[in-house]
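Work through these exercises with the model open. Each sets a task, then solves it step by step.

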Amino acid sequence: MRSVLADSYKAGHFAQYPETERMTAYGEFRRGFEGDAEDTRLLFYGMRYIVDTFVARRWTREDVERADAFFSQHAAPTNGPYPFPKELFLRFVEENGGFFPVTLQALPEGSCVHAHVPVYQITAEAPYAKLVTFLETLLTMVWYPTTVATLSRRARDVIGRAFEESAEGGAGSPLLGSRLHDFGFRGCTCVEQSVIGGCAHLLSFEGSDTMSAAFYAQFELNGGRPVASSIPASEHSVMTSWASERDAVANMVSKYGSGIFACVMDSYDYAAALSELLPSVAQEQVAQGGYMVLRPDSGDPVECVLMALRAGEKVFGCKTNAKGFKVIQGCGVIQGDGVGMPMIGAILRAAMDAGFSAENVAFGMGGGLLQKVNRDTMSFATKLCHMNYADGTERDVMKAPKTDSGKVSLPGVLSVRRVGGVPQVFPGCSPGGEGEEMLQVVYDKGPVAGWAWDDFDAVKARAATRRRYWRRRGPLIGSP
């Protein structure tokens with residue numbers, strides 16, 4: 001299967017390029033999240049999975065023969081066999097131990113950069129120079145985890161600003177990391193998507209019900225050290241299985257009331273559950289001493305959260321924090337229905353306008369986090385940028401369509417260096433140059449000797465240390 005993990009037309013490009021000794025291509029996000037022109041920052045993540053799972057695997061002669069059999073029957077009826085560089089593939093199977101013969105550089109995972117900053121660069125040399133973009137289809141798929149990581153990071157930014165305004169400790173509060181919970185597993189197209197996207201979310205938050213990602217991050221990426229957590233929570237099947245809704249809630253209180261737990265409250269009548277049921281179990285819950293989270297699951301999200309906050313205040317009481325906002329005692333709200341970026345902001349604004357601290361409110365995001373994104377969300381593309389021809393000449397290559405300036409690509413072998421805390425793009429041929437080189441060789445015609453990917457804790461720490469940068473904007477293109 002690996003032999004055909006590319007778009008069909010990639011197989012024929014070897015015959016379309018001029019004779020070359022060396023070719024270079026790179027990948028970039030061409031715009032900010034959902035076209036945001038004011039804030040084009042992104043959180044790069046996901047190259048490790050692609051390289052380890054697909055790129056750094058040996059091809060065999062059988063792989064090549066099966067690919068050849070496939071392409072021989074893949075062409076339109078009048079065209080004969082579909083073009084496929086069988087001899088080149090057989091050659092690297094024999095001469096390079098079956099490893100695909102390109103060099104891949106990538107930014108460290110967890111790096112915060114602007115759009116138009118290369119996130120990877122591919123180089124191929126003769127006799128394999130013309131295979132430089134064969135892996136484009138696979139490598140381009142880094143768009144997905146990076147887009148999810150960026151969405152999650154932007155959500156943290158929004159919630160963090162609300163914490164700065166209304167919560168003690170501000171954006172440094174330990175509660176912030178639990179304020180956006182991943183509910184997205186069931187909305188994914190497959191388990192693999194849930195792992196890739198779910199891990200990307202965990203760069204910014206600890207809360208996740210996507211166990212496929214939490215388990216993978218812990219045992220495959222982090223040496224067994226835990227990355228994510230969750231709490232006991234009811235669903236409608238639990239609430240409706242009891243003779244009365246009160247019995248269901250009382251059972252939750254008796255089982256989990258000394259810790260943190262969540263109860264869905266709208267199985268029948270949300271308003272009545274808040275005004276009648278909640279007071280009836282309050283004494284039992286207070287006696288347990290834990291923290292009860294109320295979860296609406298239908299209706300207008302802003303109004304439902306406000307209703308729960310007011311009910312919690314009435315039943316459990318509030319304290320006023322140092323910033324003058326109310327903090328409900330032993331009770332909070334999680335909104336997990338209809339949550340997206342605009343809704344998070346709207347709910348937090350309404351809660352604070354009503355006098356409640358943002359720390360009273362958490363969010364669960366499902367399809368909006370792991371599924372409602374695509375390659376165009378931040379316009380990812382891989383483009384050829386430099387060629388060394390067989391006659392010894394060389395040329396920088398770029399795309400510059402007059403009909404869409406947003407698709408202009410960068411020319412030349414490229415370098416990414418951190419200058420003044422901001423990653424900027426430089427011509428790779430520039431001697432010396434300011435700042436550290438960020439594009440690291442992660443695959444060099446095979447696994448790199450002595451190379452080890454950072455564990456998940458280190459990647460998350462890298463993203464965290466760039467939060468100051470995350471709040472600033474800088475130039476996209478630098479010069480030596």
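## Exercise 1: A salt bridge across the chain

Task: Characterise the contact between Lys 10 and Glu 136 in this predicted model.

Solution. Start with the distance. The closest N and O atoms of Lys 10 and Glu 136 are 2.3 Å apart. A salt bridge requires such a pair within 4 Å, so Lys 10 and Glu 136 form one. Next, place the partners. Lys 10 sits in the segment before strand 1 (20-29), and Glu 136 belongs to helix 4. The pair is 126 residues apart and links distant parts of the chain. Last, check accessibility: both Lys 10 and Glu 136 are buried.

## Exercise 2: Two further pairs

Task: Find where the salt bridges Glu 94 to Arg 61 and Arg 418 to Glu 436 lie, and classify the exposure of each residue.

Solution. Take Glu 94 and Arg 61, with 3.3 Å from N to O. Glu 94 lies in helix 3 and Arg 61 in helix 2, so the bridge ties together parts 33 residues apart in sequence. Glu 94 has a relative accessible area of 53% and is exposed. Arg 61, at 42%, is partly exposed.

Now take Arg 418 and Glu 436, with 3.7 Å from N to O. Arg 418 is in strand 15 and Glu 436 in strand 17, 18 residues apart. Arg 418 is buried at 12% relative accessible area. Glu 436 is partly exposed at 48%.

## Exercise 3: Edges of a sheet

Task: Which strands stand at the edges of the six-stranded open sheet?

Solution. Write down the order: 14-13-1-5-3-18, with antiparallel pairing. Strand 14 (394-396) and strand 18 (440-444) each have a single partner strand, so one side of each lacks a neighbour in the sheet. These are the edges. The twist averages 20° from one strand to the next. Then inspect one edge. Four bridges join strand 3 to strand 18. Among the bridge partners, Gln 105 is matched with Val 441 in strand 18.

## Exercise 4: The pockets

Task: Describe the largest pocket and the second largest pocket by volume and lining.

Solution. The largest pocket holds about 1200 Å³ of space. Its lining has 45 residues, with His 181, Phe 183, Asp 209, Arg 295 and Ile 334 nearest the centre. By class, that lining has 17 nonpolar, 17 polar and 11 charged residues.

The second largest pocket holds about 360 Å³. It is lined by 18 residues; Met 141, Tyr 144, Glu 192, Gln 193 and Ile 196 are closest to its centre. Its lining divides into 12 nonpolar, five polar and one charged. Helices 1, 4, 5 and 6 each supply at least two of the lining residues.

Conventions:
Residues numbered from 1 in each chain as written. Predicted model: local features only at pLDDT ≥ 70, side-chain atom pairs only at ≥ 80, totals over all residues. Heavy atoms only, no water. 1 Å grid on protein atoms, 1.4 Å probe; cavity = no way out; pocket = protein on both sides within 12 Å on 5 of 7 lines; lining within 4 Å. Points joined across faces, edges and corners; volume = space filled by probe spheres on them. Nonpolar A, V, L, I, M, F, W, Y, C, P; charged D, E, K, R; others polar. Pairing = 2+ DSSP bridges. Axes fitted to C-alpha atoms, helices over the stretch in contact; angles between N-to-C directions. Salt bridge = Lys/Arg side-chain N within 4 Å of Asp/Glu carboxyl O. Buried < 20%, exposed > 50% of the residue type's maximum accessible area, 1.4 Å probe, protein only.
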